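Here's a walk through one assembly, chain by chain and contact by contact. Have the viewer open while you read.

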Amino acid sequence: MKNHKGTVEYFFRLIFLICGIAAVFCVLAISVYLLISGIPAIREIGLKDFLFGPVWKSERNQFGILPFILTSIYGTAGAVILGVPLGILTAVFLAKAAPPRIAEIIHTCVELLAGIPSVVYGLTGMTVLVPFIQKIFNLSSGACLLSAILVLTVMILPYIISVSETALRAVPKEYEEASLALGATKTETWFKISIRAARSGIIASIIQGVGRAIGEAMAIIMVSGNVANMPSIFGSVRFLTTAIVSEMSYAAYGSLQRNALFSIGLVLFLFIMLINGLLRLVSERGSNK
Amino acid sequence: METIIETKKLNLWYGDHQALYSVDVEIQDKEITALIGPSGCGKSTFLKTLNRMNDLVESCRIEGSVFFKGKNVYGDKVNLTELRTRIGMVFQKPNPFPMSIYDNIAYGPRLHGVKGRKKLDEIVERSLRQAAIWGETKDCLKKSALGMSGGQQQRICIARALAVEPEVLLMDEPTSALDPISTGKIEELALELKENYSIIIVTHNMQQASRISDKTAFFLLGKLVEFGDTEQIFNSPNDKRTDDYISGRFG
Amino acid sequence: MRKFKEFILNTGMRLAALITCGLLAFIIGNILLRGVRYITPQLLTTQTSYLNDTIGILPNILNTIYIIIVTMIIVLPIGIGAAVYLTEYASNRYIVSIISFATETLTGIPSILFGLVGMLFFTQLMGLKQGILAGGLTLVMMVLPTIVANTRESLLTVPNSYREGALALGSGKWHMIRTVVLPNALDGILTGCILSIGRITGESAALLFTAGFGLRLLSFFNALQSSSATLTVALYIYANEHGNFNVSYAIAVVLMLITLLLNLSAARITRKIKDRRNG
């Protein structure tokens with residue numbers, strides 16, 4: 001009887017261990033596969049020509065992804081420039097100034113914003129934003145980098161707001177009391193002291209937003225035009241992500257084009273790993289204070 | 001000696017609970033006044049009414065008046081930020097901002113629009129000297145204030161409060177979180193400061209009160225039981241309750 | 001000057017909050033406005049027919065349901081198992097930190113990369129055809145961290161006294177977990193499920209090349225191995241490739257309703273858990 005119980009216990013312990021390792025296995029599989037599938041094209045094209053080549057024309061076997069890298073960087077930067085002030089101001093309001101009932105409402109709004117599927121953002125952008133931009137700036141088509149930046153801004157907003165809000169709420173009361181006792185107003189205290197004290201949490205939220213923006217595909221494929229140009233604010237552009245989606249369905253199996261798309265995936269993966277690493281660094285520094 | 005702060009029939013409630021009962025007191029200029037009494041007697045609460053830090057508590061309600069140089073602190077049109085500039089505060093647990101020592105001291109002046117580098121340098125040096133910590137900090141002004149010891153942090157907080165040139169300095173048990181040596185330094189500091197500032201200090205340490213204060217106020221259960229010259233309070237108190245507390249029969 | 005700055009910041013804060021809420025109101029309002037009128041019984045209960053020139057999204061609704069079922073059936077045991085391992089069995093801190101690191105990393109990977117790897121691994125390497133099965137397996141990787149995190153949090157709220165009580169009565173560890181711990185952690189598991197279903201419903205990039213673009217009505221078992229578009233992918237196809245915004249908006253309304261429902265239920269349950277933890 002005891003033996004039987006022992007082996008059953010051992011058996012289940014093993015099962016749970018395997019489940020635990022599942023996540024590790026996934027990460028390894030993903031890394032390995034992206035590497036395996038991404039390297040061949042890079043080998044064939046040459047790392048420098050691939051990363052820094054300014055022309056991507058698959059018909060002519062030209063596979064430089066600099067336009068995509070720059071577009072992704074500019075797009076993300078734009079979203080951050082617009083989204084961070086908006087997000088932090090909202091976060092301060094939520095964490096400090098808003099009466100509880102209003103804070104609840106805003107909270108719900110932020111949560112809902114985070115839950116909207118990317119394709120719905122894309123649809124709204126495509127049917128409302130793009131024609132609007134076209135009209136206002138007198139363009140032949142409103143599907144451009146600017147539209148993508150605006151959509152990305154709205155998409156990263158919930159992340160910045162919720163993480164920053166948590167960080168701001170965690171600021172010790174003593175700092176704020178000290179500031180008030182020196183004759184500062186509440187608003188001055190929030191913006192000079194609370195934000196300063198919540199600095200690492202806020203930075204973490206921004207990095208998270210960056211990760212989200214750089215990985216977004218469906219929302220922006222519907223609003224950015226999808227021509228493999230060097231980025232210009234009113235021009236049709238392709239991001240690292242949309243480049244993959246745009247050509248994958250018709251890239252011939254085993255062709256250099258298809259392999260090059262995998263290589264873009266690899267580059268994207270490395271970008272993301274870098275950003276995630278940065279995030280961990282900042283979070284750890286923050287908690288070590 | 002003139003009266004700098006006077007309270008008349010000061011009552012305070014936190015919600016339904018009354019914390020101060022009709023407190024009448026006259027605090028003199030350029031003296032150290034100690035507020036003593038057992039835990040929960042209302043001395044800290046009383047202190048916080050003077051610079052209206054109690055306003056931060058939602059449920060707090062006040063009746064009566066607090067006069068600072070003749071003007072009612074709770075009157076209409078009182079400029080809160082100006083009030084708190086003229087009546088400064090040092091807290092029980094040292095709470096320097098997570099910034100450099102320089103930026104901590106310069107915070108107050110910058111609030112008031114002081115911008116020039118030279119002017120700020122002057123103010124920082126003057127305040128740190130007044131707080132008797134210039135020597136220990138002059139070579140590391142850019143260092144984070146959080147890296148200093150508890151006693152040093154408290155003196156930095158005092159310097160920070162002095163930087164805006166207040167007239168009164170409120171100290172809420174400023175040494176209870178510190179070691180004896182730092183405590184001694186701060187007590188010395190208080191004695192120096194009273195030449196230029198009026199100091200009101202809450203303390204649960206009676207020896208401290210008798211060491212450094214000119215006048216003492218004894219609070220019990222929200223009421224001001226006795227107020228007078230420190231010597232008289234400690235050697236020949238009028239009220240039996242004061243006598244009991246001082247001789248350690250309770251508290 | 002100081003008063004001016006104060007004014008700017010105060011107005012700025014309120015304006016920002018207003019803009020944030022306004023954006024949400026606008027997006028939802030726009031979708032409802034342009035989509036509700038196209039939600040007809042015909043749309044919801046038929047499949048698109050070129051012969052009759054009608055559009056129906058029944059296949060896509062079913063595909064979404066199919067893929068939710070497939071994903072959840074696979075991810076629940078694995079995710080719960082992983083969480084159980086982390087809270088009940090793991091003694092080696094090294095292993096725990098590796099697993100935590102891996103789970104965290106998974107959360108940060110964008111869906112398009114899951115889609116790529118899913119396509120490579122499941123359809124190319126393992127020879128599955130594009131379909132619900134390949135798509136579901138891909139989503140399992142995406143949703144695993146959510147299940148693990150929520151289950152783990154819930155397991156941690158189960159008081160140790162329960163565990164000790166069971167063990168003291170002679171119960172084996174697995175028996176204790178099965179009878180005492182897991183039943184009390186059900187609401188956390190449920191929250192994880194709801195959040196995951198929400199994520200699955202809204203996912204698109206990971207499914208493009210794993211589940212495919214097919215718009216035909218299929219049975220469950222056929223859909224597993226045939227190109228089947230879920231609601232989100234269908235929205236994309238109808239908008240981008242057919243230019244039919246009306247259908248897309250109608251789909252958007254359906255998606256929003258589902259997301260809203262799921263979000264609200266998850267929030268309710270999370271609040272109950274919080275109360276239990278503090279109570």
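What follows covers the chain contacts, then a bent helix, a set of strands and the overall build of one chain.

Keep in mind that this is a predicted model.

**Where chains A and C meet**

Start with the contact between chains A and C: 66 residues of chain A touch 63 residues of chain C. On the chain A side, helix 1 (residues 2-45) supplies the largest share, with 20 residues. By class, that side of chain A splits into 47 nonpolar, 14 polar and 5 charged residues.

One helix pair across these two chains is worth a look. Helix 3 (residues 66-97) of chain A and helix 1 (residues 2-35) of chain C have axes that come within 8 Å and cross at roughly 105°. How is helix 3 of chain A oriented to helix 1 of chain C, given that angle? The crossing falls between 65 and 115 degrees, so helix 3 of chain A is roughly perpendicular to helix 1 of chain C. From helix 3 of chain A, the residues making the contact are A:L86, A:L89, A:T90, A:V92, A:F93, A:L94 and A:A97. Helix 1 of chain C answers with C:G12, C:M13, C:R14, C:A16, C:A17, C:I19 and C:T20. Taken together, the residues of this helix contact divide into 10 nonpolar, 3 polar and 1 charged.

**Where chains B and A meet**

Next up is the contact of chain B with chain A, which takes 20 residues from chain B and 14 residues from chain A. On the chain B side, the elements that each give two or more residues are helix 2 (80-86), strand 6 (87-90), helix 3 (101-111) and helix 6 (150-162). Helix 2 of chain B gives the most, with 4 residues. That side of chain B has 10 nonpolar, 6 polar and 4 charged residues.

**The bent helix in chain A**

Back in chain A, helix 5 (residues 118-137) has a kink of about 40°, centred on A:G125. Is A:G125 buried or exposed? A:G125 is buried, and so are other residues of helix 5, including A:S118, A:V119, A:V120, A:Y121, A:L129, A:V130 and A:I133. Just after helix 5 of chain A comes A:N138, with a positive phi near 55°.

**Strands in chain B**

Strand 1 of chain B has two partners here, listed below with one facing residue pair for each.

| Strand 1 (residues 3-14) of chain B with | Sense | Bridges | Facing residues |
|---|---|---|---|
| Strand 2 (residues 17-28) of chain B | antiparallel | 8 bridges | B:T3 and B:Q28 |
| Strand 4 (residues 60-68) of chain B | antiparallel | 8 bridges | B:L12 and B:I62 |

Strands 1 and 2 of chain B also form a hairpin, with 2 residues between them. In that turn, B:G15 has a positive phi of about 65°.

**Chain C as a whole**

Which elements make up chain C? Chain C has 12 helices and 2 strands, running from the N terminus as α-α-β-β-α-α-α-α-α-α-α-α-α-α. The C-alpha trace of chain C spans about 70 × 70 × 35 Å along its principal axes. Of its 279 residues, 49% count as buried. Take the contacts in chain C between residues at least 6 apart in sequence: 74% of them join residues at least 24 apart.

Methods
Residues are numbered from 1 along each chain as its sequence is written. Chains are lettered from A and ligands numbered from 1 in the order in which they are written. This is a predicted model: local features need pLDDT of at least 70, side-chain atom pairs count only at pLDDT 80 or more; totals for chains, interfaces and linings use all residues. The bend at a residue is the angle between axes fitted to the seven residues ending there and the seven starting there. A residue is buried if 20 or more other C-beta atoms lie within 10 Å of its own, exposed if 12 or fewer, and partly exposed in between; C-beta atoms are placed from the backbone. Two residues are in contact if their C-beta atoms, placed from the backbone, lie within 7 Å. Ala, Val, Leu, Ile, Met, Phe, Trp, Tyr, Cys and Pro count as nonpolar, Asp, Glu, Lys and Arg as charged, and the others, Gly among them, as polar. Two strands pair if DSSP finds at least two bridges between them. Axes are lines fitted to C-alpha atoms, for helices over the stretch in contact, and angles run from 0 to 180 degrees between N-to-C directions. Angles under 35 degrees count as roughly parallel, over 145 as roughly antiparallel, 65 to 115 as roughly perpendicular and the rest as oblique.
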